[in-house]
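I opened the notebook today to keep track of what I looked up in this structure. Please have the model open beside these entries as you read.

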Amino acid sequence: MVSVRKYLLVDGLLLGLLVRNDNNYNNRRNVNANYQASNRFGMTVACILGLIFFSSMNFMKFYRHLYSQLCSYENLELAFKKARKRKTTKEYVIEFEIELENNLRQLKEELEGFSYRPAPLTLFTIRDPKTRRISASQFRDRVVHHALCNVIEPIFDRNFIYDSFANRKGKGTHAAILRFEAFLRKVTGNGRLAAENQNLFAPPHETDANAVVGYALKADIRHYFDSVDHRILLGIIRRRIRDPHVSWLITLILEHHKTSVPGKGMPLGNLTSQFFANVYLDELDQFVKHTLNAEYYIRYVDDFVILHRDRGQLERWREEIAAFLHDRLELGLHPEKSKITPLGNGITLLGFRVFYHYKLLKKSNTRRVWKRLERFKKKYEKGEISRKKVVKSLEGWLAYAGFADSYNLRRRVAARFNEFFGSQK
């Protein structure tokens, strides 16, 4: 690749020199005071063309010979440290760590000898708020997942768009909401009201300050994790990773999750699934940003939102996105969760309902905290949970709720907690 870039850079410089020579020829025929300016223009073109050729090759760069790095003891040790994070008291982590060196060397030998096989997945269901079927890997397999992502994630992440916010360092739900609010200010021209809400003679208390101009296309991909096509995903990965041994391991991980449709789907709950989800939908991100030229676009896993002043433009984009997802990724938009909404109505995003001047928690999130307190009360009365654990859980929720305008709600929740569990002496 280095040599190819070098030759393309030289080609760009040669083309620039041809422009410069042509300018020099004209200058010799028409000697005038513009000679030096023309000569500088030619050299500038030469440099620009060379840089364009050079930088364009970065998108085509691919990587070989990564597997030895993946299998190294140092990488496996780092993977173990990441896999045990916030789980150091778990029994399976303690057991693995007692024989840490032997366990890591055994994994290393299995990976290098291509005899590694993942253990059966542990299946369970959670309902918080939606019902989801989770497929959890054994701890030693999670170490392998981290070892894989340690090596290949940086290769892909550097080319992800800025506004992809799920499962990435420095991103997350709060960063996505803050970005959405910044987009909201830009699209609405710092809170310009929609024409039907502009009444110069109405008193301030009768004017809805959140009834701003603009719309949002809020969309969801239907059954995303169950619909990811292995062949398409591997094709995307192989555009950057040309190491057959790494491809072997990725294929092994993907095929280990058995679904009703062979070659489709990824397990919820695995680190690799979270990473592959971003790799797969980066195709959509690039399409929206660089083909549709949508400026105000945010994606979080399989949810995305686009803001624009013109509703008609969003309708056209929705049709083009639906066609792209179907033709290129074999995915579809959820028909009931892909809608265009006036920004003045507030947009539901990542557990919040965001208006121009404030944001609230979703009603379902509010209902859930009351139910959680009731469950904690019953467990506390039976001696199944300590007050300390309830406090720890509630502190996490209060921090989450504090990101919204929820002062009164948090006071009511704290009062109910004290009623159930007593105030701290």
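**Entry: a loop after helix 6**

I began with Phe114, which I found in the loop between helix 6 and strand 1 (122-127). This is a predicted model, so I kept that in mind throughout. Phi of Phe114 is near 60°, a positive value in a residue that is not glycine. I noted it since most residues other than glycine have a negative phi. Next I asked whether Phe114 is buried, partly exposed or exposed. Its relative accessibility is 31%, and because that lies between the 20% and 50% cut-offs, Phe114 counts as partly exposed.

**Entry: another positive phi**

Asn293 also caught my eye, with a positive phi of about 60° although it is not a glycine. I located Asn293 in the loop between helix 12 (271-291) and strand 4. Its relative accessible area is 55%, so I wrote Asn293 down as exposed.

**Entry: a buried loop residue**

I then went to Ile385, in the loop between helix 14 (363-381) and helix 15 (387-401). Is Ile385 buried or exposed? It is buried, because its relative accessible area is 16%, under the 20% limit. I looked up what it touches, leaving aside residues up to four places away in sequence: Phe376, Lys379, Tyr380 and Val390.

**Entry: helix 4 against helix 6**

Back at helix 6, I checked how it meets helix 4. The axes of helix 4 (residues 73-83) and helix 6 (residues 100-112) come within 10 Å and cross at roughly 120°. The two helices are therefore oblique to each other. I logged the crossing of helix 4 and helix 6 as right-handed. On the helix 4 side, the contact is made by Tyr73, Leu76, Glu77 and Phe80. Helix 6 brings Leu100, Glu101, Leu104, Arg105, Leu107, Lys108 and Leu111. Sorted by class, the contact of helix 4 with helix 6 has 7 nonpolar and 4 charged residues, and no polar ones.

**Entry: helix 5 against helix 6**

I turned to helix 5 (residues 91-98), whose axis comes within 5 Å of that of helix 6, with a crossing of roughly 85°. That makes helix 5 roughly perpendicular to helix 6. Which residues make this contact? From helix 5 I listed Glu95, Phe96, Glu97 and Ile98, and from helix 6 Leu100, Asn103, Leu104 and Leu107. By class, the contact of helix 5 with helix 6 has 5 nonpolar, 1 polar and 2 charged residues. Leafing back, I saw that Leu100, Leu104 and Leu107 are also listed in the contact with helix 4.

**Entry: confidence**

I checked how far to trust each part. The chain averages a pLDDT of 84, and 81% of the residues score at least 70. Where is confidence lowest and where is it highest? The lowest is in helix 1 (residues 2-29), at a mean of 39, and the highest in strand 4 (residues 297-300), at 98. Over residues 1-35 the pLDDT stays under 50, and the model has 39 contacts beyond four places in sequence for them. Residues 52-58 are also below 50, with 10 contacts in the model beyond near neighbours in sequence.

**Entry: the whole chain**

To finish, I stepped back. I counted 16 helices and 9 strands in the chain. Of its 425 residues, 43% count as buried. Among contacts between residues at least 6 apart in sequence, 72% join residues at least 24 apart.

Terms used:
Residues numbered from 1 in each chain as written. Predicted model: local features only at pLDDT ≥ 70, side-chain atom pairs only at ≥ 80, totals over all residues. Heavy atoms only, no water. Axes fitted to C-alpha atoms, helices over the stretch in contact; angles between N-to-C directions. Helix = DSSP H or I, 4+ residues; strand = E, 2+ residues; numbered from the N terminus. Parallel < 35°, antiparallel > 145°, perpendicular 65-115°, else oblique. Left-handed = near helix turned anticlockwise from the far one by under 90°. Contact = heavy atoms within 4.5 Å. Nonpolar A, V, L, I, M, F, W, Y, C, P; charged D, E, K, R; others polar. pLDDT = per-residue confidence, 0-100. Buried < 20%, exposed > 50% of the residue type's maximum accessible area, 1.4 Å probe, protein only.
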